[in-house]
Amino acid sequence: MKRFALAATVLLTLTIIISSYKPKTPTHHSLLTTHTDDTIHFPGEKHFKNVQQLTFGGDNAEAYFSFDGKWIIFQRTNPKEGIMCDEMFIGKVPAYGEKFEPRLISSGKGRTTCGSFLKDGKHIIYASTHLGADTCPPVPDRKKYGNKYIWPLYDSYDIFMADLNGKIVKQLTNSKGYDAEATVSPDGKKIIYTSDKDGDIDLYIMDLKTGKEKRVTNTLGYDGGAWFSPDGKKIIWRASRPKTAEEIKEYKDFLAENLVAPTNMEVYIADTDGKNVKQVTNFGNANWAPAYLPDSKRIIFASNHQSKRGFPFNLFLINEDGTGLEKISAEKSFDAFPMFSPDGKKIIFCSNRNNGGTRDTNIFIADWVN
């Protein structure tokens, strides 16, 4: 469909496609109610308390906390507001019942995706296509590919560092091709990101001070949306692994056109050097947007593996060894991009709930109940 980031731009496109499904539940627009008959908190969502909707309208995705848990960064598209493709916004996390007031922090040129705060609390990183053109890059014509769901890998994406006034202070990647989906290590010294610069879609870890980097995946298939575990010892990501001759041909044919079809993905983990790779899920369909809980043991992810028609997407918990699967959201169309606050007390996610039957995807935050 902290990234089906995610990427990410790419990831928001997934939200738009999946969100065409219109829920039949009634809609209400109260920020304060958490009754189980409203559409911001569904029956069975026992891990959520004090659910609050932060955005109203447009497509809002990939909302991630700052290191101190006081701010979030996210990407937003809303043609009604003149935002024709994803732009980067930041906003202070409101107290329960307070209004969320985000502000644009990217330049408004090109398309952006996958924002993260640096540990100093003074800078952010995100990917942008603005060096390729000021305008939004074209969306692939799905009819050309039999209406198959595909993501574009815009080769004009590079990763940039900016201050909190939006001024770009450093360009972190310069390679020809897709560079995006970056997240920051717990010590703030490294980023992990996705690139196709070596002929496949792989993960790279870069030292922010020196610029030195290492490729940490080497298996054919899409590797992306990676995060470090909170203890800094592991990485977690989503991956496709084409196996049959037909699957491999399709994957390579799409890649040659800077495209990927992310309809079959599983969650993987490894040590930060790329060793000891383990496949966590084996459910089929799309299992993605994974992240560790603050204990660095359990995992949260989004999946449509219980869905017959490709949706709904729901949020699930699982242990590293693939045991203990627990469904934690009960929306009937799309819940994804889950992320915990650094102290583990709050969860933020993006959802089609409470959108009045539109295609809008909004950001929700809740207290986490173990």
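**A walk around the model, starting at Glu-250**

Select Glu-250 to begin: with 36% relative accessibility, this residue is classed as partly exposed. Keep in mind as you go that you're looking at a predicted model.

Now show Lys-148 as well. Glu-250 and Lys-148 form a salt bridge, and their closest N and O atoms sit 3.7 Å apart. Colour by secondary structure and you'll see that the pair links distant parts of the chain: Glu-250 belongs to helix α2, Lys-148 to the loop between β7 and β8, and 102 residues separate them. Lys-148 is also partly exposed, at 26% relative accessibility.

**Zoom out for a moment**

Show the whole protein chain as a cartoon. You should find 2 helices and 26 strands. Of the chain's 370 residues, 57% count as buried. Switch on the surface, and about 15,400 Å² is exposed, with carbon and sulfur atoms supplying 50% of that area.

**Into the largest pocket**

Go back to α2, residues 245-256. Which element gives the largest share of the largest pocket's lining? That's α2, with 4 residues. The pocket itself holds about 460 Å³ of space. To centre your view, select Ser-240, Arg-241, Pro-242, Glu-247 and Asn-264; among the 20 lining residues, these are the closest to the pocket's centre. Next, highlight β18 (266-271), which along with α2 gives two or more residues to the lining. Colour the lining by residue type and you get a mix: 8 nonpolar, 6 polar and 6 charged.

**The disulfide**

Time for the cysteines. How many disulfides does a search of the whole structure find? There is 1. Select Cys-85 and Cys-136, the two residues it joins, with an S to S distance of 2.2 Å. Trace the chain out from each end: Cys-85 is in strand β4 (residues 83-92), while Cys-136 is in the loop between β7 (123-128) and β8 (151-152), so the bond ties together parts 51 residues apart in sequence. Look along the S-S bond too: its torsion is about -90°, so this disulfide is left-handed.

Are the two ends buried or exposed? Cys-85 is buried, at 4% relative accessible area, whereas Cys-136 is partly exposed, at 33%. While you have cysteines on screen, click on Cys-114, which is buried at 1%, and on Cys-350, buried at 0% relative accessibility.

**More salt bridges**

The salt bridge you started from has company: the count comes to 15. Try Arg-76 and Glu-81, whose side chains meet with an N to O distance of 2.9 Å. Why does Arg-76 count as buried? Its relative accessibility is 8%, and the buried class takes in anything under 20%.

Then move to Asp-367 and Lys-346, a salt bridge with N to O at 2.7 Å. This pair also links distant parts of the chain: Asp-367 lies in strand β26 (residues 362-368) and Lys-346 in strand β25 (residues 346-351), with the two residues 21 apart. Lys-346 is partly exposed, at 30% relative accessibility.

For a last stop, select Glu-45, Asp-335 and Arg-353 together. Here a network of salt bridges links the three residues.

Technical notes
Residues numbered from 1 in each chain as written. Predicted model: local features only at pLDDT ≥ 70, side-chain atom pairs only at ≥ 80, totals over all residues. Heavy atoms only, no water. 1 Å grid on protein atoms, 1.4 Å probe; cavity = no way out; pocket = protein on both sides within 12 Å on 5 of 7 lines; lining within 4 Å. Points joined across faces, edges and corners; volume = space filled by probe spheres on them. Nonpolar A, V, L, I, M, F, W, Y, C, P; charged D, E, K, R; others polar. Buried < 20%, exposed > 50% of the residue type's maximum accessible area, 1.4 Å probe, protein only. Areas by Shrake-Rupley, 256 points an atom, 1.4 Å probe, with all protein chains shown as cover. Disulfide = S-S within 2.5 Å. Salt bridge = Lys/Arg side-chain N within 4 Å of Asp/Glu carboxyl O.
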